[in-house]
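Student: I have a model open and want to go through its pockets and its ligand. Can we start with how you sort the lining residues?

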Amino acid sequence: MAKMKIAVLISGRGSNLQSLIDACADDGFPAEIAVVIANRPDAKGLQRADEAGIDAKIIDHTAFPTRETFEDMLHATLVTAKVQLVCLAGFMRLLNAGFVNRWRDRMINIHPSLLPAFRGLHTQERAIESGVRYTGCTIHFVRQEMDDGPIILQAVCPIRPDDTADELTARVLDLEHRIYPEAVRLIARGKVRVHGNRALIKDCEWQQNCLINPMIGG
Ligand code: GRF
């Protein structure tokens with residue numbers, strides 16, 4: 001079966017891009033990266049694309065007079081590459097409604113919290129300060145509001161009382177790298193359908209275990 005063509009949009013380090021590159025290296029993975037796009041010429045992730053022999057484009061938002069003209073170029077580049085699914089992976093530009101609607105239900109994002117908690121930046125610092133016992137990461141379809149949209153997958157990470165933001169960020173990042181390829185796999189296999197505010201997933205196993213933190217009854 002033909003592989004789904006995806007684009008990965010980055011602004012920086014690109015460790016999630018790397019997890020997708022690694023997943024796509026497997027012949028059985030149902031998607032392939034048609035293009036990597038960075039809005040910053042110094043994005044470290046560009047080198048990862050280069051090393052993997054993937055077409056990488058720099059579309060520097062500072063070179064465009066308006067958000068719309070930048071997004072028109074983004075859109076044209078995606079269309080030219082015949083992209084079917086856009087994967088935002090640390091892409092640090094807010095996207096206008098026009099662009100978001102053109103890619104509605106065909107654009108996903110990864111966010112390092114259990115949405116809808118802790119939208120925006122500095123998520124792990126805020127999670128620690130808030131005193132919650134769990135945090136994690138979320139893959140969701142992109143809507144106009146920042147870090148909003150139907151949730152596809154979440155992974156949960158307990159917060160330890162002595163956690164620093166850096167330690168927690170590293171543990172959550174590890175989970176991010178595990179779930180991003182899985183979300184792409186589910187979509188590419190046609191298992192995900194959006195119904196209202198929910199993403200419905202067919203033929204998958206659901207977690208049955210509940211967790212309590214701190215543990216009780218010891
Ligand atoms: C990740 O934590 C992702 O969840 C957030 O930005 C970070 C990007 O990291 N949206 P990387 O560029 O993929 O390494």
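Tutor: Yes. For the classes, Ala, Val, Leu, Ile, Met, Phe, Trp, Tyr, Cys and Pro count as nonpolar, Asp, Glu, Lys and Arg as charged, and the others, Gly among them, as polar. Keep in mind that this is a predicted model.

Student: OK. How does the lining of the largest pocket divide by class?

Tutor: There are 16 nonpolar, 15 polar and 9 charged residues in that lining.

Student: And how much space lies in the largest pocket?

Tutor: About 1,000 Å³. It has 40 lining residues, and those closest to the centre are Gly 90, Met 92, Ile 110, Pro 112 and Leu 121.

Student: Which elements give two or more residues to that lining?

Tutor: Helix H1 (15–24), strand E5 (107–111), helix H5 (123–130) and helix H6 (165–188). H6 gives the most, with 6 residues.

Student: What about domains, which ones does the lining of the largest pocket draw on?

Tutor: Domain 1 (1–103) and domain 2 (110–211) each supply at least three residues.

Student: Switching to the ligand. Which residues surround the ligand?

Tutor: Arg 13, Gly 14, Ser 15, Asn 16, Gly 90, Ile 110, Pro 112 and Glu 176. Gly 90, Ile 110 and Pro 112 also appeared among the residues closest to the centre of the largest pocket.

Student: Which polar side-chain atom lies 2.7 Å from an oxygen atom of the ligand?

Tutor: One from Glu 176. The backbone takes part in other pairs: a polar backbone atom of Gly 14 is 2.8 Å from a ligand oxygen, and a backbone N or O atom of Asn 16 lies 2.9 Å from a ligand oxygen.

Student: How much of the ligand's accessible area does the protein cover?

Tutor: On its own the ligand has 370 Å² of accessible area, and the protein covers 83% of that.

Student: Back to pockets. What volume does the second largest pocket have?

Tutor: About 790 Å³. Of its 22 lining residues, Leu 153, Gln 154, Glu 205, Trp 206 and Gln 207 are the closest to the centre.

Student: Which elements give two or more residues there?

Tutor: Strand E7 (151–158), H6 and strand E9 (198–201). E7 provides the largest share of this lining, 6 residues.

Student: And how do the residues of that lining divide by class?

Tutor: In the second largest pocket, 13 are nonpolar, 3 polar and 6 charged.

Terms used. Residues are numbered from 1 along each chain as its sequence is written. This is a predicted model: local features need pLDDT of at least 70, side-chain atom pairs count only at pLDDT 80 or more; totals for chains, interfaces and linings use all residues. Side-chain values use heavy atoms; hydrogens and water are left out. On a 1 Å grid over the protein atoms alone, a cavity is a set of points where a 1.4 Å probe fits but cannot get out, and a pocket is an open set with protein on both sides within 12 Å along at least five of seven lines; lining residues have an atom within 4 Å of a point. Grid points are joined across faces, edges and corners, and a volume is the space filled by probe spheres set on the points. Helices (H or I, at least four residues) and strands (E, at least two) are DSSP runs, numbered from the N terminus. Domain bounds come from an automatic or database domain assignment. A residue is near a molecule or strand if one of its heavy atoms lies within 4 Å of it. A polar contact is a pair of N or O atoms within 3.5 Å; within protein, one must be able to donate a hydrogen and the other to accept it, and residues adjacent in sequence count only if both atoms are side-chain atoms. Accessible areas come from the Shrake-Rupley method with a 1.4 Å probe; for residues, only the protein chains shown count as cover.
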